[in-house]
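Colleague: I am new to this structure and would love a close look at one part of it. Could you pick a single helix and walk me through it, along with what follows it in the chain?

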Amino acid sequence: MSKGRAEAAAGAPGILLRYLQEQNRPYSAQDVFGNLQREHGLGKAAVVKALEQLAQQGKIKEKMYGKQKIYFADQDQFDMVSDADLQGLDTKIVALTAKVQSLQQSCRHMEAELKELTSALTTPEMQKEIQELKKECAGYRERLKNIKAATNHVTPEEKEQVYRERQKYCKEWRKRKRMDWKSYRATKALKPASDRRQLRLDFKERTPHEEANCSLSGNALKHLGAISQSHCWRCECQLTLKLALGN
């Protein structure tokens, strides 16, 4: 055992007695060792030995609690506390508890304010942001001035006419698309599976330009032209298809 550890072990009884009297609550040997190890450098064996020595001398009390012993200060050495004193202590505890809650609430408010101030822009950053916004506003003013000075404005009547024409062409486009699909469904049973698959691809894999023109692709027209007079393998009859694709 080192010299420092030996000196700490020699003074352990006095340290433990003073600690138990100040705390005035029961502790196990492990609890006392954990609480005083860092501050006084006491080993667990020295703590156990000192507690047993104090208990044998009658300076502290020990009691079995399950499989371990607990140690606490002798209560006879403390003065008797009257009911009035206990009531006064309870009142003091209530007042201190309210004070603690008030301080905690103040701390939360200050933390929230600090967080808000920390996340806010600094004065140089705000000045820089103002300059950028002024520059952006100047650009918008110049753009608005150019727009007002232009002579080729679209009148509300012209705008409404464009919307009406768009609705008209969209309606016609949907009509032509339905006609294409009906033609495909009417002709898909007239050819073997490979030809029907190719015809389906010709109808479905059209470009947006072809969709906008509302017209069949070249391969689809070839297929439809070739089978317009075709032999139906299901009902053994002649089927004539008329494709009504108006202008």
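Modeller: Happy to; here is a walk along one helix and then through the strands.

Please keep in mind that this is a predicted model. Our helix is H4, which covers residues 44–57. Its 14 residues reach 20 Å from the first C-alpha to the last, close to the 20 Å expected at 1.5 Å a residue. Which residues of H4 are buried? They are Ala46, Val47, Ala50, Leu51, Leu54 and Ala55. These residues lie on the same side of H4, because they cover an arc of only 165° around the axis. The general rule behind such a pattern is that an α-helix has 3.6 residues a turn, so residues three or four places apart point the same way. Now turn to the face of H4 directed away from the buried side: there you will find Ala45, Lys49 and Gln56, which are exposed.

Just after H4 comes Gly58, with a positive phi of about 80°. Further on is strand S2, residues 60–65, which pairs with S3 in the antiparallel sense over six bridges. One of the pairs to look for is Lys61 with its bridge partner Phe72 in S3. S2 and S3 form a hairpin with two residues between them, and in that turn Gly66 has a positive phi of about 75°. S3, residues 68–73, is also joined to strand S1, residues 27–28, by two bridges, and these two strands run antiparallel as well. There, Tyr27 stands opposite Tyr71 of S3.

Note on methods: Residues are numbered from 1 along each chain as its sequence is written. This is a predicted model: local features need pLDDT of at least 70, side-chain atom pairs count only at pLDDT 80 or more; totals for chains, interfaces and linings use all residues. Side-chain values use heavy atoms; hydrogens and water are left out. Helices (H or I, at least four residues) and strands (E, at least two) are DSSP runs, numbered from the N terminus. The expected span of a helix is 1.5 Å times one less than its number of residues. Buried means under 20% relative accessible area, exposed over 50%, partly exposed in between (1.4 Å probe, protein chains only). The arc is that of the directions from the helix axis to the C-beta atoms. Two strands pair if DSSP finds at least two bridges between them.
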